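Biologist: Could you take me through this model, beginning with how the chains meet?

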2 protein chains.
Amino acid sequence: MDKDQYSSALFNETVNEFAKFPGIGKRTAARLVLHLLKQERPIIEHFGNTIINLAQNIKHCKCCHNISDTDTCTICSDRSRDHRLICVVENIKDVIAIENTQQYKGVYHVLGGIISPMEGIGPADLSIESLEQRVNSDQVYELILALSPTMEGDTTNFYLYKKLGKYQIKLSTLARGVSFGDELEYADEITLGRSILNRQPYDGQNL
Amino acid sequence: MDKDQYSSALFNETVNEFAKFPGIGKRTAARLVLHLLKQERPIIEHFGNTIINLAQNIKHCKCCHNISDTDTCTICSDRSRDHRLICVVENIKDVIAIENTQQYKGVYHVLGGIISPMEGIGPADLSIESLEQRVNSDQVYELILALSPTMEGDTTNFYLYKKLGKYQIKLSTLARGVSFGDELEYADEITLGRSILNRQPYDGQNL
(Lines give C-alpha, C1' and ligand atoms only; values in the text may rest on other atoms or scores of the structure.)
Protein backbone atom coordinates (compact mmCIF):
# COMPACT_ATOMS: atom_id res chain seq x y z
CA MET A 1 0.00 0.00 0.00
CA ASP A 2 1.34 3.40 -1.00
CA LYS A 3 1.88 5.87 1.84
CA ASP A 4 -0.58 8.22 0.14
CA GLN A 5 -3.29 5.61 -0.02
CA TYR A 6 -5.79 4.78 2.67
CA SER A 7 -8.29 1.92 2.60
CA SER A 8 -11.01 4.37 1.51
CA ALA A 9 -10.90 6.47 -1.66
CA LEU A 10 -13.39 8.92 -0.11
CA PHE A 11 -11.11 9.38 2.86
CA ASN A 12 -8.10 9.70 0.58
CA GLU A 13 -9.77 12.36 -1.55
CA THR A 14 -10.83 14.42 1.46
CA VAL A 15 -7.33 14.24 2.93
CA ASN A 16 -5.91 15.46 -0.39
CA GLU A 17 -8.31 18.42 -0.35
CA PHE A 18 -7.25 19.44 3.16
CA ALA A 19 -3.58 19.01 2.28
CA LYS A 20 -3.96 21.78 -0.33
CA PHE A 21 -4.06 24.41 2.42
CA PRO A 22 -0.76 26.15 3.09
CA GLY A 23 0.93 24.76 6.19
CA ILE A 24 -1.17 21.57 6.22
CA GLY A 25 0.68 18.40 5.26
CA LYS A 26 -0.71 14.95 4.52
CA ARG A 27 -0.40 13.82 8.10
CA THR A 28 -2.18 16.83 9.58
CA ALA A 29 -4.83 16.58 6.86
CA ALA A 30 -5.48 12.94 7.81
CA ARG A 31 -5.78 13.97 11.46
CA LEU A 32 -8.35 16.65 10.54
CA VAL A 33 -10.43 14.26 8.43
CA LEU A 34 -10.36 11.62 11.17
CA HIS A 35 -11.64 14.29 13.53
CA LEU A 36 -14.45 15.04 11.07
CA LEU A 37 -15.34 11.35 10.88
CA LYS A 38 -15.84 11.25 14.64
CA GLN A 39 -18.73 13.73 14.24
CA GLU A 40 -22.32 12.84 13.42
CA ARG A 41 -23.21 12.92 9.72
CA PRO A 42 -25.35 16.13 9.87
CA ILE A 43 -22.45 17.99 11.50
CA ILE A 44 -20.05 16.98 8.73
CA GLU A 45 -22.66 17.90 6.10
CA HIS A 46 -23.16 21.27 7.77
CA PHE A 47 -19.42 21.93 7.52
CA GLY A 48 -19.48 21.11 3.81
CA ASN A 49 -22.56 23.22 3.22
CA THR A 50 -21.03 26.19 5.05
CA ILE A 51 -18.13 26.11 2.61
CA ILE A 52 -20.41 25.85 -0.43
CA ASN A 53 -22.56 28.66 0.93
CA LEU A 54 -19.44 30.80 1.33
CA ALA A 55 -18.35 30.05 -2.24
CA GLN A 56 -21.75 30.88 -3.70
CA ASN A 57 -22.71 33.94 -1.67
CA ILE A 58 -19.61 35.84 -0.66
CA LYS A 59 -19.36 39.24 -2.38
CA HIS A 60 -16.84 42.02 -2.61
CA CYS A 61 -18.00 45.42 -1.39
CA LYS A 62 -18.57 47.58 -4.47
CA CYS A 63 -17.08 50.53 -2.58
CA CYS A 64 -13.96 49.25 -0.76
CA HIS A 65 -13.60 45.71 -2.26
CA ASN A 66 -13.54 44.10 1.19
CA ILE A 67 -15.41 40.76 1.51
CA SER A 68 -19.05 41.25 2.30
CA ASP A 69 -22.43 39.49 2.48
CA THR A 70 -24.13 42.43 0.78
CA ASP A 71 -23.27 44.79 -2.07
CA THR A 72 -21.87 47.31 0.40
CA CYS A 73 -19.90 45.93 3.37
CA THR A 74 -20.75 46.59 7.02
CA ILE A 75 -17.81 48.98 7.38
CA CYS A 76 -18.78 51.10 4.35
CA SER A 77 -22.43 51.21 5.47
CA ASP A 78 -21.57 52.17 9.05
CA ARG A 79 -22.65 55.83 9.38
CA SER A 80 -20.68 56.26 12.62
CA ARG A 81 -17.37 55.87 10.79
CA ASP A 82 -15.46 58.69 9.10
CA HIS A 83 -16.02 58.14 5.37
CA ARG A 84 -13.63 60.91 4.43
CA LEU A 85 -10.65 59.06 5.90
CA ILE A 86 -9.59 56.07 3.75
CA CYS A 87 -7.01 53.49 4.74
CA VAL A 88 -5.51 51.85 1.63
CA VAL A 89 -4.50 48.22 2.22
CA GLU A 90 -3.19 45.37 0.14
CA ASN A 91 -5.76 42.71 1.03
CA ILE A 92 -8.60 41.53 3.27
CA LYS A 93 -6.18 40.20 5.89
CA ASP A 94 -4.94 43.74 6.48
CA VAL A 95 -8.48 45.02 7.05
CA ILE A 96 -8.96 42.30 9.68
CA ALA A 97 -5.62 43.13 11.32
CA ILE A 98 -6.38 46.86 11.53
CA GLU A 99 -9.97 46.27 12.71
CA ASN A 100 -8.60 44.07 15.49
CA THR A 101 -6.60 47.01 16.87
CA GLN A 102 -9.93 48.83 17.48
CA GLN A 103 -8.02 52.07 16.91
CA TYR A 104 -9.31 53.03 13.45
CA LYS A 105 -12.68 54.63 12.74
CA GLY A 106 -12.31 55.55 9.07
CA VAL A 107 -13.05 53.31 6.07
CA TYR A 108 -10.87 51.12 3.84
CA HIS A 109 -9.89 50.55 0.25
CA VAL A 110 -8.59 47.08 -0.62
CA LEU A 111 -6.16 47.24 -3.56
CA GLY A 112 -6.10 43.48 -4.11
CA GLY A 113 -2.28 43.36 -4.17
CA ILE A 114 0.71 45.64 -4.58
CA ILE A 115 2.73 46.59 -7.62
CA SER A 116 5.30 43.85 -8.18
CA PRO A 117 7.13 43.72 -11.51
CA MET A 118 8.72 40.43 -10.39
CA GLU A 119 5.29 38.79 -10.16
CA GLY A 120 3.93 40.67 -13.15
CA ILE A 121 1.47 42.75 -11.09
CA GLY A 122 1.07 46.26 -12.46
CA PRO A 123 -1.15 49.20 -11.44
CA ALA A 124 -3.87 48.04 -13.87
CA ASP A 125 -4.26 44.79 -11.88
CA LEU A 126 -5.13 46.70 -8.71
CA SER A 127 -8.29 48.62 -7.81
CA ILE A 128 -6.56 51.99 -8.16
CA GLU A 129 -9.07 53.46 -10.62
CA SER A 130 -11.95 52.99 -8.18
CA LEU A 131 -9.79 54.53 -5.45
CA GLU A 132 -9.28 57.61 -7.60
CA GLN A 133 -13.05 57.81 -8.19
CA ARG A 134 -13.64 57.71 -4.43
CA VAL A 135 -11.03 60.41 -3.81
CA ASN A 136 -12.58 62.47 -6.57
CA SER A 137 -16.18 62.23 -5.41
CA ASP A 138 -16.29 61.51 -1.68
CA GLN A 139 -14.78 64.68 -0.17
CA VAL A 140 -11.94 62.56 1.18
CA TYR A 141 -9.43 64.57 3.25
CA GLU A 142 -6.83 61.87 4.00
CA LEU A 143 -5.51 58.62 2.54
CA ILE A 144 -3.52 56.41 4.89
CA LEU A 145 -1.22 54.22 2.79
CA ALA A 146 -1.01 51.11 4.99
CA LEU A 147 0.97 48.89 2.62
CA SER A 148 3.72 46.41 3.48
CA PRO A 149 7.03 48.00 4.49
CA THR A 150 8.78 46.38 1.52
CA MET A 151 10.19 47.46 -1.85
CA GLU A 152 6.87 46.61 -3.53
CA GLY A 153 4.92 48.52 -0.89
CA ASP A 154 7.15 51.56 -1.34
CA THR A 155 6.76 51.34 -5.13
CA THR A 156 2.98 51.25 -4.77
CA ASN A 157 3.04 54.14 -2.29
CA PHE A 158 5.06 56.20 -4.77
CA TYR A 159 2.72 55.34 -7.65
CA LEU A 160 -0.31 56.39 -5.59
CA TYR A 161 1.50 59.59 -4.56
CA LYS A 162 2.11 60.44 -8.23
CA LYS A 163 -1.42 59.51 -9.26
CA LEU A 164 -3.38 61.11 -6.43
CA GLY A 165 -1.07 63.94 -5.35
CA LYS A 166 -3.01 66.34 -7.58
CA TYR A 167 -6.10 66.07 -5.35
CA GLN A 168 -6.48 68.25 -2.27
CA ILE A 169 -5.90 65.41 0.18
CA LYS A 170 -3.36 64.54 2.83
CA LEU A 171 -1.36 61.35 2.18
CA SER A 172 0.15 59.51 5.14
CA THR A 173 1.83 56.17 5.81
CA LEU A 174 1.93 53.99 8.91
CA ALA A 175 4.52 55.03 11.50
CA ARG A 176 7.60 52.87 11.36
CA GLY A 177 9.64 52.20 14.42
CA VAL A 178 10.54 49.64 17.03
CA SER A 179 7.74 47.23 17.93
CA PHE A 180 6.11 47.20 21.33
CA GLY A 181 8.00 44.67 23.46
CA ASP A 182 11.01 44.50 21.12
CA GLU A 183 14.52 44.56 22.48
CA LEU A 184 16.55 47.29 20.76
CA GLU A 185 19.56 45.06 20.12
CA TYR A 186 17.40 42.79 17.92
CA ALA A 187 15.69 45.54 15.92
CA ASP A 188 17.00 45.74 12.36
CA GLU A 189 19.23 48.68 11.49
CA ILE A 190 16.86 50.40 9.04
CA THR A 191 13.96 50.34 11.50
CA LEU A 192 16.10 51.48 14.41
CA GLY A 193 17.71 54.24 12.31
CA ARG A 194 14.33 55.56 11.18
CA SER A 195 12.90 55.42 14.67
CA ILE A 196 15.72 57.71 15.84
CA LEU A 197 15.21 60.15 12.96
CA ASN A 198 11.45 60.17 13.52
CA ARG A 199 11.64 60.31 17.30
CA GLN A 200 8.46 61.46 19.02
CA PRO A 201 8.02 64.14 21.67
CA TYR A 202 7.54 62.48 25.03
CA ASP A 203 4.99 63.87 27.46
CA GLY A 204 5.22 61.21 30.10
CA GLN A 205 2.35 59.23 28.55
CA ASN A 206 2.49 58.56 24.84
CA LEU A 207 4.52 55.32 24.83
CA MET B 1 -16.04 45.51 16.41
CA ASP B 2 -15.58 42.36 18.46
CA LYS B 3 -12.38 40.43 17.83
CA ASP B 4 -14.50 37.44 16.81
CA GLN B 5 -16.44 39.40 14.22
CA TYR B 6 -15.46 40.04 10.65
CA SER B 7 -17.26 42.27 8.19
CA SER B 8 -18.93 39.20 6.63
CA ALA B 9 -21.17 36.79 8.54
CA LEU B 10 -20.48 34.11 5.91
CA PHE B 11 -16.76 34.50 6.48
CA ASN B 12 -17.29 34.52 10.24
CA GLU B 13 -19.36 31.36 10.15
CA THR B 14 -16.82 29.50 8.00
CA VAL B 15 -13.97 30.58 10.29
CA ASN B 16 -15.93 29.27 13.29
CA GLU B 17 -16.41 25.92 11.55
CA PHE B 18 -12.68 25.58 10.87
CA ALA B 19 -11.85 26.65 14.43
CA LYS B 20 -13.70 23.55 15.71
CA PHE B 21 -10.85 21.32 14.59
CA PRO B 22 -8.38 20.39 17.32
CA GLY B 23 -5.22 22.48 17.11
CA ILE B 24 -6.80 25.14 14.87
CA GLY B 25 -7.41 28.49 16.57
CA LYS B 26 -9.42 31.45 15.32
CA ARG B 27 -6.40 33.06 13.69
CA THR B 28 -5.33 29.94 11.78
CA ALA B 29 -8.96 29.31 10.81
CA ALA B 30 -9.18 32.82 9.33
CA ARG B 31 -5.95 32.21 7.41
CA LEU B 32 -7.37 28.96 5.98
CA VAL B 33 -10.65 30.59 4.91
CA LEU B 34 -8.78 33.51 3.32
CA HIS B 35 -6.79 30.93 1.38
CA LEU B 36 -10.06 29.33 0.25
CA LEU B 37 -11.38 32.71 -0.87
CA LYS B 38 -8.39 33.17 -3.15
CA GLN B 39 -9.55 30.13 -5.16
CA GLU B 40 -12.10 30.17 -7.97
CA ARG B 41 -15.69 29.44 -6.91
CA PRO B 42 -15.88 25.90 -8.44
CA ILE B 43 -12.75 24.89 -6.52
CA ILE B 44 -14.25 26.01 -3.21
CA GLU B 45 -17.52 24.27 -4.08
CA HIS B 46 -15.61 21.09 -4.92
CA PHE B 47 -13.99 21.19 -1.50
CA GLY B 48 -17.39 21.53 0.18
CA ASN B 49 -18.88 18.74 -1.95
CA THR B 50 -15.98 16.41 -1.15
CA ILE B 51 -16.77 16.78 2.56
CA ILE B 52 -20.50 16.20 2.02
CA ASN B 53 -19.74 13.20 -0.15
CA LEU B 54 -17.52 11.80 2.61
CA ALA B 55 -20.27 12.34 5.20
CA GLN B 56 -22.90 10.64 3.08
CA ASN B 57 -20.98 7.72 1.65
CA ILE B 58 -18.29 6.63 4.07
CA LYS B 59 -18.97 3.21 5.56
CA HIS B 60 -17.45 1.02 8.19
CA CYS B 61 -16.25 -2.39 7.06
CA LYS B 62 -18.73 -4.96 8.34
CA CYS B 63 -15.85 -7.30 9.10
CA CYS B 64 -13.10 -5.18 10.76
CA HIS B 65 -14.92 -1.83 11.33
CA ASN B 66 -12.23 0.12 9.47
CA ILE B 67 -13.49 2.99 7.28
CA SER B 68 -14.37 1.84 3.79
CA ASP B 69 -16.14 2.87 0.59
CA THR B 70 -17.78 -0.53 0.35
CA ASP B 71 -19.38 -2.98 2.78
CA THR B 72 -16.10 -4.82 3.09
CA CYS B 73 -12.90 -2.74 3.16
CA THR B 74 -9.99 -3.16 0.73
CA ILE B 75 -7.87 -4.81 3.41
CA CYS B 76 -10.50 -7.41 4.32
CA SER B 77 -11.20 -8.16 0.67
CA ASP B 78 -7.50 -8.51 -0.22
CA ARG B 79 -7.00 -12.23 -0.86
CA SER B 80 -3.21 -11.89 -0.67
CA ARG B 81 -3.35 -11.00 3.03
CA ASP B 82 -3.36 -13.53 5.87
CA HIS B 83 -6.93 -13.53 7.15
CA ARG B 84 -6.08 -15.85 10.02
CA LEU B 85 -3.82 -13.23 11.64
CA ILE B 86 -5.79 -10.35 13.19
CA CYS B 87 -4.26 -7.18 14.60
CA VAL B 88 -6.60 -5.63 17.19
CA VAL B 89 -6.36 -1.82 17.28
CA GLU B 90 -8.14 0.99 19.07
CA ASN B 91 -9.10 3.13 16.07
CA ILE B 92 -8.68 3.91 12.38
CA LYS B 93 -5.57 6.03 13.00
CA ASP B 94 -3.78 2.93 14.24
CA VAL B 95 -4.67 1.00 11.07
CA ILE B 96 -3.16 3.84 9.01
CA ALA B 97 -0.04 3.94 11.20
CA ILE B 98 0.54 0.18 10.94
CA GLU B 99 -0.22 0.10 7.19
CA ASN B 100 2.37 2.87 6.71
CA THR B 101 5.06 0.60 8.14
CA GLN B 102 4.42 -1.83 5.23
CA GLN B 103 5.47 -4.64 7.60
CA TYR B 104 2.10 -6.23 8.29
CA LYS B 105 0.26 -8.58 5.96
CA GLY B 106 -2.54 -9.81 8.21
CA VAL B 107 -5.94 -8.14 8.72
CA TYR B 108 -7.30 -5.82 11.41
CA HIS B 109 -10.06 -5.47 13.95
CA VAL B 110 -10.92 -1.91 15.03
CA LEU B 111 -12.33 -1.88 18.58
CA GLY B 112 -13.53 1.73 18.38
CA GLY B 113 -11.83 2.67 21.67
CA ILE B 114 -10.36 1.04 24.75
CA ILE B 115 -11.86 0.21 28.14
CA SER B 116 -11.73 3.35 30.23
CA PRO B 117 -13.79 3.52 33.45
CA MET B 118 -12.76 7.20 33.79
CA GLU B 119 -14.48 8.04 30.51
CA GLY B 120 -17.29 5.58 31.06
CA ILE B 121 -16.23 3.27 28.21
CA GLY B 122 -16.89 -0.37 29.03
CA PRO B 123 -16.43 -3.60 27.00
CA ALA B 124 -20.01 -3.32 25.69
CA ASP B 125 -19.13 -0.04 23.94
CA LEU B 126 -16.40 -1.72 21.91
CA SER B 127 -16.68 -4.14 19.00
CA ILE B 128 -15.50 -7.08 21.11
CA GLU B 129 -18.47 -9.31 20.34
CA SER B 130 -17.79 -9.21 16.60
CA LEU B 131 -14.13 -9.93 17.33
CA GLU B 132 -15.13 -13.07 19.24
CA GLN B 133 -17.32 -14.12 16.32
CA ARG B 134 -14.38 -13.75 13.95
CA VAL B 135 -12.10 -15.73 16.24
CA ASN B 136 -14.76 -18.38 16.53
CA SER B 137 -15.48 -18.79 12.83
CA ASP B 138 -12.45 -17.68 10.80
CA GLN B 139 -9.80 -20.23 11.81
CA VAL B 140 -7.75 -17.44 13.31
CA TYR B 141 -4.40 -18.61 14.71
CA GLU B 142 -3.12 -15.36 16.22
CA LEU B 143 -4.44 -12.08 17.64
CA ILE B 144 -1.94 -9.25 17.92
CA LEU B 145 -3.15 -6.87 20.64
CA ALA B 146 -1.77 -3.55 19.34
CA LEU B 147 -3.36 -1.23 21.90
CA SER B 148 -1.85 1.86 23.52
CA PRO B 149 0.86 1.14 26.08
CA THR B 150 -1.24 2.74 28.84
CA MET B 151 -3.27 1.62 31.84
CA GLU B 152 -6.42 1.55 29.69
CA GLY B 153 -4.64 -0.41 26.97
CA ASP B 154 -3.39 -2.94 29.52
CA THR B 155 -6.89 -3.25 31.02
CA THR B 156 -8.34 -3.94 27.57
CA ASN B 157 -5.57 -6.45 26.80
CA PHE B 158 -6.38 -8.27 30.03
CA TYR B 159 -10.10 -8.25 29.29
CA LEU B 160 -9.49 -9.71 25.82
CA TYR B 161 -7.13 -12.31 27.30
CA LYS B 162 -9.85 -13.42 29.74
CA LYS B 163 -12.54 -13.39 27.07
CA LEU B 164 -10.69 -15.03 24.21
CA GLY B 165 -8.13 -17.16 26.06
CA LYS B 166 -10.46 -20.16 25.78
CA TYR B 167 -10.00 -20.34 22.01
CA GLN B 168 -7.06 -22.18 20.47
CA ILE B 169 -5.23 -19.02 19.37
CA LYS B 170 -1.98 -17.31 20.13
CA LEU B 171 -2.26 -13.88 21.75
CA SER B 172 0.62 -11.42 21.37
CA THR B 173 1.28 -7.75 22.05
CA LEU B 174 3.57 -5.27 20.31
CA ALA B 175 7.21 -5.40 21.39
CA ARG B 176 8.06 -2.62 23.83
CA GLY B 177 11.52 -1.18 23.96
CA VAL B 178 13.67 1.80 23.11
CA SER B 179 12.64 3.63 19.94
CA PHE B 180 14.79 3.71 16.84
CA GLY B 181 16.94 6.85 17.07
CA ASP B 182 16.32 7.38 20.80
CA GLU B 183 19.15 8.23 23.12
CA LEU B 184 19.18 5.86 26.08
CA GLU B 185 19.54 8.58 28.68
CA TYR B 186 16.19 10.04 27.61
CA ALA B 187 14.22 6.77 27.52
CA ASP B 188 11.82 6.44 30.46
CA GLU B 189 12.76 3.95 33.19
CA ILE B 190 9.91 1.52 32.61
CA THR B 191 10.65 1.24 28.89
CA LEU B 192 14.40 0.92 29.43
CA GLY B 193 13.88 -1.62 32.22
CA ARG B 194 11.63 -3.79 30.05
CA SER B 195 13.95 -3.54 27.09
CA ILE B 196 16.76 -5.03 29.22
CA LEU B 197 14.55 -7.82 30.56
CA ASN B 198 13.29 -8.58 27.05
CA ARG B 199 16.67 -8.24 25.35
CA GLN B 200 16.93 -9.84 21.91
CA PRO B 201 19.56 -12.21 20.61
CA TYR B 202 21.90 -10.32 18.30
CA ASP B 203 23.11 -12.00 15.13
CA GLY B 204 24.98 -9.06 13.67
CA GLN B 205 21.89 -7.94 11.69
CA ASN B 206 18.60 -7.68 13.48
CA LEU B 207 18.84 -4.11 14.86
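Biologist: How much do chain B and chain A bury between them?
Modeller: In this predicted model, chain B and chain A bury about 5,300 Å² between them, 69% of it on carbon and sulfur atoms, where buried area is the accessible area (1.4 Å probe) that two parts lose on being put together, summed over both. Local features need pLDDT of at least 70 and side-chain atom pairs pLDDT 80 or more, while totals for chains, interfaces and linings use all residues; side-chain values use heavy atoms, without hydrogens and water. Residues are numbered from 1 along each chain as its sequence is written, and chains are lettered from A in the order in which they are written.

Biologist: And how many residues does the contact take from each chain?
Modeller: The contact takes 51 residues from chain B and 51 residues from chain A, with contact meaning heavy atoms within 4.5 Å.

Biologist: How many salt bridges are there between chain B and chain A?
Modeller: The count is zero, taking a salt bridge as a side-chain nitrogen of Lys or Arg within 4 Å of a carboxyl oxygen of Asp or Glu.

Biologist: What turn lays chain B on chain A?
Modeller: A turn of 180° with a shift of 0.0 Å along the axis does so, at an RMSD of 0.1 Å, superposing by least squares on C-alpha atoms of residues with pLDDT of at least 70 in both. The two copies are thus related as by a two-fold rotation axis.

Biologist: Which residue of chain B comes closest to the axis?
Modeller: That is G48(B), whose C-alpha lies at 2.1 Å.
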